[in-house]
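Here are some exercises to work through with the sequence and the 3D view side by side. Try each task yourself before you read its solution.

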Amino acid sequence: MTEDKTVGKSEIKKAKEGETIQVIKGEQKGKKGEVLTVRENSVIVKVGMKPQTDEPIKIVVNHKNYKCIK
């Protein structure tokens with residue numbers, strides 16, 4: 001007889017690895033990138049490449065701060 005503790009919370013759609021997202025809140029607002037890793041509360045996104053070193057630019061975005069792009 002346990003009660004569901006998620007009653008009343010809206011379900012946040014989580015992106016999947018490989019999907020493209022756009023940041024809608026925060027310092028990186030407006031940037032688009034590819035999801036590399038999905039975590040419990042956030043995703044790690046590749047938003048570009050550093051031209052000098054050819055290393056990817058990665059950011060961490062909370063699930064409520066982005067939207068999926070088709």
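**Exercise 1. The core**

Which residues make up the largest nonpolar core?

Solution. Keep in mind that you are looking at a predicted model.

Step 1. Collect the members: the largest nonpolar core has nine residues, namely Ala15, Ile21, Val23, Val35, Val43, Val45, Ile59, Val61 and Tyr66.

Step 2. Look for the strands behind them. At least two residues of this core come from each of β1, β3 and β4.

Step 3. Zoom in on one member. Setting aside neighbours within four places in sequence, Val43 is in contact with Ile21, Val35, Thr37, Val38, Ile59, Val60, Val61, His63 and Tyr66.

**Exercise 2. The strands and their sheet**

Find the order in which the strands lie side by side in the sheet.

Solution.

Step 1. Take stock of the elements: the chain has zero helices and five strands. Along the sequence, this gives the pattern β-β-β-β-β.

Step 2. Follow the pairs. Strand β1 (residues 20–23) and strand β2 (residues 32–38) run antiparallel and are joined by three bridges. Within this pair, Thr20 stands opposite Glu34. β1 also pairs with strand β5 (residues 66–69), in the antiparallel sense and over four bridges. Here Val23 stands opposite Tyr66. Between β3 and β4 there are eight bridges, and these strands run antiparallel. Lys46 and Lys58, for example, stand opposite each other.

Step 3. Put the order together: β4-β3-β2-β1-β5, an open sheet of five strands with antiparallel pairing. The edge strands are β4 and β5, each pairing on one side only. On average, neighbouring strands of this sheet are turned by 45 degrees against each other, direction ignored.

**Exercise 3. Two faces of one strand**

Decide which side chains of β1 are buried and which are not.

Solution.

Step 1. Walk along residues 20–23 and note that the side chains alternate.

Step 2. Sort them by face. Ile21 and Val23 point to one face and are buried, while Thr20 and Gln22 point to the other and are not.

Step 3. Connect this to Exercise 1: Ile21 and Val23 are both on the list of core residues.

**Exercise 4. The hairpin**

What is special about the phi angle of Asp54?

Solution.

Step 1. Locate the residue. Asp54 is in the loop between β3 (42–50) and β4 (55–62). These strands form a hairpin with four residues between them.

Step 2. Check the angle. Phi of Asp54 is near 55 degrees, which is a positive value in a residue other than glycine.

Step 3. Ask whether Asp54 is buried or exposed. Its relative accessible area is 59%, over the 50% cut-off, so Asp54 counts as exposed.

**Exercise 5. A salt bridge**

Which residues form the salt bridge, and how far apart are the closest N and O atoms?

Solution.

Step 1. Know how many to look for: the structure holds one salt bridge.

Step 2. Find the partners. Glu55 forms the salt bridge with Lys50, and the closest N and O atoms are 4.0 Å apart.

Step 3. Compare with the strand pairing: Lys50 stands opposite Glu55 in β4.

Step 4. Check the surroundings. Glu55 has a relative accessible area of 41%, so it is partly exposed. Lys50 is partly exposed too, at 37%.

**Exercise 6. Ser42 and Pro56**

Which of these two residues is buried and which is partly exposed?

Solution.

Step 1. Place them: Ser42 lies in strand β3, and Pro56 lies in strand β4.

Step 2. Apply the cut-off. Ser42 has a relative accessible area of 16%, which is under 20%, so Ser42 is buried. Pro56, with 34%, is partly exposed.

Step 3. List their contacts, not counting residues up to four places away in sequence. Ser42 touches Val60, Val61, Asn62 and His63. Pro56 touches Lys46, Gly48 and Met49.

Step 4. Add a distance. The C-alpha atoms of Pro56 and Val45 are 9.7 Å apart, with the two residues 11 residues apart along the chain.

**Exercise 7. The whole chain**

How much of the chain is buried, and how much area does the chain expose?

Solution.

Step 1. Of the 70 residues in the chain, 19% are buried.

Step 2. The chain exposes about 5800 Å², and carbon and sulfur atoms supply 48% of this area.

Step 3. Finish with the contacts. Among those between residues at least 6 apart in sequence, 32% join residues at least 24 apart.

Conventions:
Residues are numbered from 1 along each chain as its sequence is written. This is a predicted model: local features need pLDDT of at least 70, side-chain atom pairs count only at pLDDT 80 or more; totals for chains, interfaces and linings use all residues. Side-chain values use heavy atoms; hydrogens and water are left out. Buried means under 20% relative accessible area, exposed over 50%, partly exposed in between (1.4 Å probe, protein chains only). Contact means heavy atoms within 4.5 Å. Accessible areas come from the Shrake-Rupley method with a 1.4 Å probe; for residues, only the protein chains shown count as cover. Two strands pair if DSSP finds at least two bridges between them. Axes are lines fitted to C-alpha atoms, for helices over the stretch in contact, and angles run from 0 to 180 degrees between N-to-C directions. A nonpolar core is a set of buried Ala, Val, Leu, Ile, Met, Phe, Trp, Tyr and Cys residues joined through side-chain atoms within 4.5 Å. A salt bridge is a side-chain nitrogen of Lys or Arg within 4 Å of a carboxyl oxygen of Asp or Glu.
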